[in-house]
Amino acid sequence: MATYKLQINGQTKQVNVDPDTPLLWVLRDHLGLVGTKYGCGISACGACTVHMDGQAIRSCTLPVSSIGTAKIITIEGLSEKGDHPVQLAWDEVDVAQCGYCQAGQIMTAAAFLKNSSKPTDDQIAIAMNGNICRCGAYHRIHEAVKLASTKV
């Protein structure tokens, strides 16, 4: 076990875990931040997406020992009131069905739009390609990302 001081959602959190513990399990099991979901465990589905220094990353395979001083933002920290432009667009378009993948989808979209102010349909499709939706709500996800791009 080792002690890590992590910057999570603007706060310093201390955890005592094995160095190879994936960030996902630190967030969920040690810090109680359960908005980030487990999907596949191999970084293939996107359900576990969080931001590390502003970039979308998969937390299910990222060992806590590799984080260092990076700033981590989870879905809980994206917006204090749930009013991030992507979250508002998600609600306006009524994207969610089962909702399981939505936190990862939103985190991927938010990181993408931070660097792409007026994305094309192809750019949105490429950016969101690595996130799987079991319900097949891809059309509404795409629509919400496009709408959010007008609000960011």
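T108 is found in helix 4, and in this predicted model that residue counts as buried, because its relative accessibility is 8%, below the 20% under which a residue is called buried. Helix 4 (102-115) is one of the elements that give two or more residues to the largest nonpolar core, and helix 4 also gives the most to the lining of the largest pocket. The points below begin with T108 and the core, go on to helix 3 and the pocket, and end with residues in loops and in helix 6.

**T108 and its surroundings**

- When neighbours within four places in sequence are left aside, T108 is in contact with T49, A56, A127, M128 and N131.
- M128, one of these contacts of T108, is also touched by V145, again with residues up to four places away in sequence not counted.

**The nonpolar cores**

- The largest nonpolar core has 23 residues, and those with the most contacts inside it are V86, W90, I141 and V145.
- Two or more residues of this core come from each of helix 2 (75-78), helix 3 (85-93), helix 4 (102-115), helix 5 (121-128) and helix 6 (138-149), and the largest share, seven residues, is that of helix 4.
- V145, one of the residues with the most contacts inside the core, touches W90, A109, F112, L113, I124 and M128 once residues up to four places away in sequence are set aside.
- Another core lies apart from the largest one and has 16 residues, among them V15, L23, V26 and V50.
- As general background, nonpolar side chains in soluble globular proteins tend to be buried together.

**Helix 3 and its two faces**

- Which residues of helix 3 are buried? They are V86, Q87, A89, W90 and V93, and V86 and W90 are also among the residues with the most contacts inside the largest core.
- These buried residues are on the same side of helix 3, because they cover an arc of only 160 degrees around the axis.
- The exposed residues D91 and E92 are carried by the face of helix 3 that is turned away from its buried side.
- The cover over the buried residues of helix 3 includes helix 2, helix 4 and helix 6, and these three helices are also among the elements that give two or more residues to the largest core.
- Just after helix 3, D94 takes a positive phi of about 60 degrees.

**The largest pocket**

- The largest pocket holds about 170 Å³ of space, and its lining is made up of H51, G54, I73, G77, L78, H84, P85, A110, L113, K114 and V152.
- Helix 2 and helix 4 are the elements that give two or more residues to this lining, with helix 4 giving the most, three residues.
- By chemical character, the lining residues divide into six nonpolar, four polar and one charged.
- L113 is a lining residue of the pocket and is also one of the residues that V145 touches.

**Loop residues**

- N9 is found in the loop between strand 1 (2-8) and strand 2, where this residue has a positive phi of about 50 degrees although it is not a glycine; N9 is partly exposed, with a relative accessible area of 22%.
- D53 has its place in the loop between strand 3 (49-52) and strand 4 (55-58), and its phi is near 50 degrees, a positive value in a residue other than glycine.
- D53 is classed as exposed because its relative accessible area of 52% lies over the 50% cut-off.
- P19 lies in the loop between strand 2 (11-17) and helix 1 (23-30), and this proline is partly exposed, with a relative accessible area of 37%.
- With residues up to four places away in sequence not counted, P19 touches A2, Y4, P63, V64 and S65.
- P19 and I106 are 87 residues apart in sequence, and their C-alpha atoms are 28 Å apart in space.

**R140 in helix 6**

- R140 lies in helix 6 and counts as partly exposed, at 25% relative accessibility.
- The C-alpha atoms of R140 and W90 are separated by 8.4 Å, although the two residues are 50 residues apart along the chain.
- Leaving aside neighbours within four places in sequence, R140 is in contact with V93, D94, V95, A96 and Q97; of these, V93 is one of the buried residues of helix 3, and D94 is the residue with the positive phi just after that helix.

Notes:
Residues numbered from 1 in each chain as written. Predicted model: local features only at pLDDT ≥ 70, side-chain atom pairs only at ≥ 80, totals over all residues. Heavy atoms only, no water. Core = buried A, V, L, I, M, F, W, Y, C linked by side-chain atoms within 4.5 Å. Buried < 20%, exposed > 50% of the residue type's maximum accessible area, 1.4 Å probe, protein only. Helix = DSSP H or I, 4+ residues; strand = E, 2+ residues; numbered from the N terminus. Contact = heavy atoms within 4.5 Å. Arc of directions from axis to C-beta. 1 Å grid on protein atoms, 1.4 Å probe; cavity = no way out; pocket = protein on both sides within 12 Å on 5 of 7 lines; lining within 4 Å. Points joined across faces, edges and corners; volume = space filled by probe spheres on them. Nonpolar A, V, L, I, M, F, W, Y, C, P; charged D, E, K, R; others polar.
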